[in-house]
Protein chains: 2
Amino acid sequence: MAEQAETLRRTPLSRDRILRAAVALADEAGIESLSMRNLAQDLGVVPMALYKHVANKDELLDGMIDVIVDQIDPVAPDTHWKDATRRRVLSAREVLRRHPWAPLAIESRNMATPAVLAYLDSVVATFRAGGFSANLAHHVMHTMGSRVLGFSQELFDDARRVGRSGAASPEPAAALPPEFADRFPHLAEIATAASHDDQSVVGQGCDDQFEFAFALDLLLDGIERLHEQGWTSPRRSR
Amino acid sequence: MAEQAETLRRTPLSRDRILRAAVALADEAGIESLSMRNLAQDLGVVPMALYKHVANKDELLDGMIDVIVDQIDPVAPDTHWKDATRRRVLSAREVLRRHPWAPLAIESRNMATPAVLAYLDSVVATFRAGGFSANLAHHVMHTMGSRVLGFSQELFDDARRVGRSGAASPEPAAALPPEFADRFPHLAEIATAASHDDQSVVGQGCDDQFEFAFALDLLLDGIERLHEQGWTSPRRSR
DNA sequence: ACGCTAAGTGTACGCCGTACACCTGTCAAG
DNA sequence: CTTGACAGGTGTACGGCGTACACTTAGCGT
């Protein structure tokens, strides 16, 4: 009876259900509390049950990354390569905003999952369709690095603080101590020098989105220039 | 007697000795086998002994990062900002080549150790001395991101494979399977399209150093252009 | 009704970081 | 020369982790 009810309400496990639960858990509690044990508990199941559907934790992470990558917008058809790529990358970034643990997960993996490869392939396709040589496209992909996936390693990363949920932290990074300005005068100077975010005296209340787009456009402009002048990497002597 | 000998040969522990041993261990065995237990064993000491000199493992990692950062060349005096920064960053990169675990360690920390801050401060100082506004310098630092520390998140990172020692892997990444070219034609196409590394048919035998410098110069050129035209970020409406 | 298979369980192992109580060697003050 | 404080090293133990491996159970085609 009670057992019957239990049996009924328990949707059977599946790789997909596990992945979605894992993403949800990481979103809510942070990647550091994503353990096989916690995940199993969330699913009302014993830890080892998961291993019938994923080989190990690494494969679980790969699967989670795939879930993320699949959320990135597809290429807009009939668009100039520059605009198409820009939109694509910003879409990727928006996805990551909902899953702040993803960059760290991606970095920690050696990653070459099919979903990621398919995405990268489509990015390259855009460049090629825009008339880029394979050679230039190669270097461009290297140059973009993780940026094509919507993130880049920032020096101080508020968002990726180990702690809890994805949302930006309510407290604005606890104003820097006065001694800071003495020891690192140039850092202190530029901390407040960005005009965005009104004139928050604290600094650090930086507009991540602006900075990301700034760097992205700088890269795209440089890339465009190289493309226009038919740049090719110098042949190696031997 | 034997005890006396032991007492004599055992150099007393110290924070410094611990940090150097930790760096050596990570260099040789990879960051994933840097545990308090392994480290203690290398030092001929019981694990808990370490805690008399470092508060916990995170602080140990911070200390290791500082050791790395201190190896970066100081600024060359009387040099144009562009060249000075270029050299500095490439010096940082060279340091990291000797300590391939460092990027991952840096990424995993929230990092704001004094040594790192001092380094960043000196980088900013170079820009300011070159006539950059504090505003532009701010955005430039964001744009460079982890690149000022000599690394950037690559999509496929041979060097940072979890495995062993720092040296580049002897086997050249085990040639991609034929099905690859069918499923990801554009990736396959550009894989072999870089002219460096002779014409290795395998592709992937990519010259990391070239790609890094390529992206670095692209950024520096773009930055120079903005600097020349006195760029400033648009004021926020409110 | 039977038995095969896939799904879920339980127990256990060897790692990890580290809290906490303990011992011990060194050295200055009496 | 004794003493006692204290810094540095030890030993034990706890709770967490990923996961190997042997097991029960549920569901289904015959």
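In this predicted model, 16 residues lie around DNA strand D, and those that come nearest are Ser35(A), Asn56(A), Lys57(A), Leu13(B) and Met48(B). Chains A and B also touch each other, with 48 residues of chain B and 47 residues of chain A taking part. A turn of 180° lays chain B on chain A.

**DNA strand D**

- The nearest residues come from two chains: Ser35, Asn56 and Lys57 belong to chain A, while Leu13 and Met48 belong to chain B.
- Helix H3 of chain A, residues 36-42, contributes three residues to the surface near DNA strand D, and no other element gives more.
- The surface near DNA strand D consists of nine nonpolar, four polar and three charged residues.

**Contact between chains A and B**

- Chain B puts 48 residues into the contact, and chain A puts in 47.
- On the side of chain B that touches chain A, at least two residues each come from helix H7 (114-129), helix H8 (134-144), helix H10 (185-191) and helix H11 (208-228) of chain B.
- H8(B) has the largest share of that side, eight residues.
- Sorted by class, the residues on this side of chain B are 20 nonpolar, 15 polar and 13 charged.
- The copies meet through the same surface, because 98% of the interface residues of chain B are also interface residues in chain A.

**Symmetry of the two copies**

- Chain B fits onto chain A with an RMSD of 0.0 Å after a turn of 180° and a shift of 0.0 Å along the axis.
- The two copies are therefore related as by a two-fold rotation axis.

How values were computed
Residues are numbered from 1 along each chain as its sequence is written. Chains are lettered from A and ligands numbered from 1 in the order in which they are written. This is a predicted model: local features need pLDDT of at least 70, side-chain atom pairs count only at pLDDT 80 or more; totals for chains, interfaces and linings use all residues. Copies are superposed by least squares on the C-alpha atoms of residues with pLDDT of at least 70 in both. Two residues are in contact if their C-beta atoms, placed from the backbone, lie within 7 Å. A residue is near a molecule or strand if its C-beta atom, placed from the backbone, lies within 6 Å of it. Helices (H or I, at least four residues) and strands (E, at least two) are DSSP runs, numbered from the N terminus. Ala, Val, Leu, Ile, Met, Phe, Trp, Tyr, Cys and Pro count as nonpolar, Asp, Glu, Lys and Arg as charged, and the others, Gly among them, as polar.
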